[in-house]
Amino acid sequence: MEKGTFSSEKIVDFLREIKSKYKTGGVWISRKLGKRWSFLVGIEPEGTSPPCFLEINGDFALFCEDGELLKRDWDSVKRKLQEMLYADRT
Amino acid sequence: MVQIESWIKGRIKEDEIDKYLEDGRDFINDEEIWEKINRYKNPDKNWVREIFDKALRIETLTPDETAALINIEDEDLIEEMKQVANKIKKKVYDNRIVTFAPLYLGNYCVNNCLYCGFRRDNRVIKRKVLTEEEIVKEVEVLAGEIGHKRLITVYGEHPTMGVDYIERSLRLIYDVKVKVRNGYGQIRRCNVNAPPLQIEELKRLVEVGIGTYQVFQETYHHETYEMLHPKDTIKGNYRWRLYSMHRALEAGVDDVGIGALFGLYDWRFEVMGLLYHARELEKRFGIGPHTVSFPRLEPAANTPFVQETKYKVSDKDFERVVLILRLSIPYAGMILTAREPKEIRDRLVHYGITQMDASTKIGIGAYSDRYSEQELERQQFLIGDTRSLDELIRDLAKFGYITSFCTAGYRCGRTGDLIMKLLKTGKEGQFCKLNAVLTFKEWLLDFASDETRVIGEKLIEKELLEIKEKLPRAYDKVLEYLKRLENGERDLFF
C-alpha cells in the first residue's frame, strides 16, 4: 500500500483516541520496507522513551512511546487498524 | 554496443519531467539568482542578525536572506555566523557526528562529463563492476571489521548497474551479518548515490528499503551544465537530473539528499541553487532534503578540466559555503566527506557538519582486497583524509563530539515527514543524543582499539551526566540499555 491510498485523517483520529485512552504518548504506524521501517501516518513522539513495537501484520506495525496499557487491548485495536488500513481506502 | 544505445534511449521519460514544470520552466532561474546575489552587497548588520535569529529558529531562509549571507564581508559577522552555525547544529542534532562509508560498486559510465575521471571516453580508467560475491566481501569488511552501520553505495550510469543491479545489491548488503568481538556487525541503513531513476524504478528500491537517495545536480547553472555534460548523453539533460528528487519523493522514498560539485561554477550561485532546490521540495512535498552535500572538485586521472577551471573554491570560500548552507537549510544534515584533508575537516566540523565518512576507500573492491595505496586509474578522485574510523572517533572525541552509528529512525519508522517535524522543532536532537550513546557503546564493545575504548568510555560518562541533567526521564532506561549491550544484546534504541 502506498502513502495516501487510505484515509489518513480517519486513522489519525483513531490514533488520537488510542493516545488519549491508553496514555501512549506519540503513536504512529510504520510500513515494513525490507529490513527497515518507514513512517506512514501518526502522531509525533512527545518525549524520549524507547518506541514500543506492536505488529499489525507482516507489512505494518504500530509504534508508541508507552505501550503497556495498549497491549492489554491490542487484539481489538489491531483488528480495527487492519480494517482501516485495508478496507477504508479513499 | 546496440544494447547500450537502446538502453540509453529508454532512460529519460519526458512526462516525468514535464509534470513538475511550472509554465514550462524549471525552478532554477539563473537571472533571478544573479540579480539577488548582486542586489545585497554589504547587507545591513541588523538585518543579518535577524537572519541569524531566523536560522536559529530552524526556519529555511528565503533566497534574499541567503543572498545577504553570501555578501557578508565583515569579519566580525562571519565569526558570529560560525557561532550561529554551531548552535543550530547542536539544537537540531546535538553534539553527535554520524559516520558512514562510501561503497563504490562500479565505475562504468555511459556519460562523458568533462570533469569526471569515470567519463565514457577516459581510456586510462580500469573498469569494473562488483559481482555479488565481491559485494558481500566488501560489506563483510565494512560491517564486520571496521564496524560501519551505514553505507552510501555509489553506482555509475550504465546498463550493467541498472535498477536490477541496484535492487539486488541492496538486498545483499542488508543480508550480511558478521559475528564480531562481542556481538554482530551489519549494515542497518544503506543510502544510495545513483543516477536519476524513473518513478517505477524508485518504487522498487523503496520496497527493498533504500535509505537516503542522493543525486547531485553538479552545477545548477544551466549554461555551465550544458557545457560540461555533452548533449548526446543522458546526463546532458539538465531537467531529468534536476527532478530526480521529485520523482523519488513521489515514488515514496523517505529521505532525499541534494548536492552540488563545487568548482564547476561560481560557488555563490551553487549555494543559491541548493537553497532553491530545498525550498522547491518543501513547497511540493512538505519535505526538504535530509542531507546536503558540497564536495569540491578534485583531480582525476587524465582529466585536465580540473586544473583549468576558473571556479576552484578556496579554503576560505569553502568555509563560507558550509556556514551559509548551515544557516540557509538549518534542519538538513550536512555531509563533509574524506575528499577534504584532515585539517579542513577538523576545522569545519565545528560549523554545523553532521556526517563524516572514515576508513574510506573509493577504489572498486578496495575494502576487501586490502588495497591501501590510492591509484587514480582505479578511483574517481583522490581522497584527502585517510584516517581510520578508530582514529577519527578519537579525534572527534578530543573536540567533544560523540560518534554516532544511529539508525534508530529506520528501526521504527521515524522517517519522512515525521522526522522532518522532529528536526524542525529540535526534538530529534534528544533522540540523537541518546542513540549516539547507545550505538557508540556498541561500537566500542565490538570494534574499538584499547586506546579509543578508554577515551570513548570517558566520553560516555560525560554524556550520561548530561542526560541525567537534561533528559532525566530517559536516564534509567539508558543505563539499563548500556548494561544489556555489555551483556551481548545489540540494536537497542530510543
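The legends below describe three close-up views of a predicted model.

Local features are given only where pLDDT is at least 70 and side-chain atom pairs only at pLDDT 80 or more, while totals for chains, interfaces and linings use all residues. Residues are numbered from 1 along each chain as its sequence is written, and chains are lettered from A in the order in which they are written.

**View 1. The contact between chain A and chain B.** Counting two residues as in contact if their C-beta atoms, placed from the backbone, lie within 7 Å, the contact takes 17 residues from chain A and 27 residues from chain B. Of the helices of chain B (DSSP runs of H or I, at least four residues, numbered from the N terminus), α9, α18, α19, α20 and α22 each supply at least two residues of the side that touches chain A, and the largest share, 5 residues, comes from α19(B).

**View 2. Helix α13 of chain B and the residue just after it.** The 19 residues of α13(B), residues 267-285, should span 27 Å at 1.5 Å a residue (1.5 Å times one less than the number of residues), which agrees with the 27 Å between its end C-alpha atoms. Just after α13(B), B:G286 takes a positive phi of about 75°.

**View 3. The packing of helices α6 and α15 of chain B.** Helix α6(B), residues 75-93, packs against helix α15(B), residues 315-328, at an angle of about 50° with the axes 9 Å apart, where axes are lines fitted to C-alpha atoms over the stretch in contact and angles run from 0 to 180 degrees between N-to-C directions. The contact is made by residues including B:M81 and B:I88 of α6(B) and B:L323 and B:L327 of α15(B).
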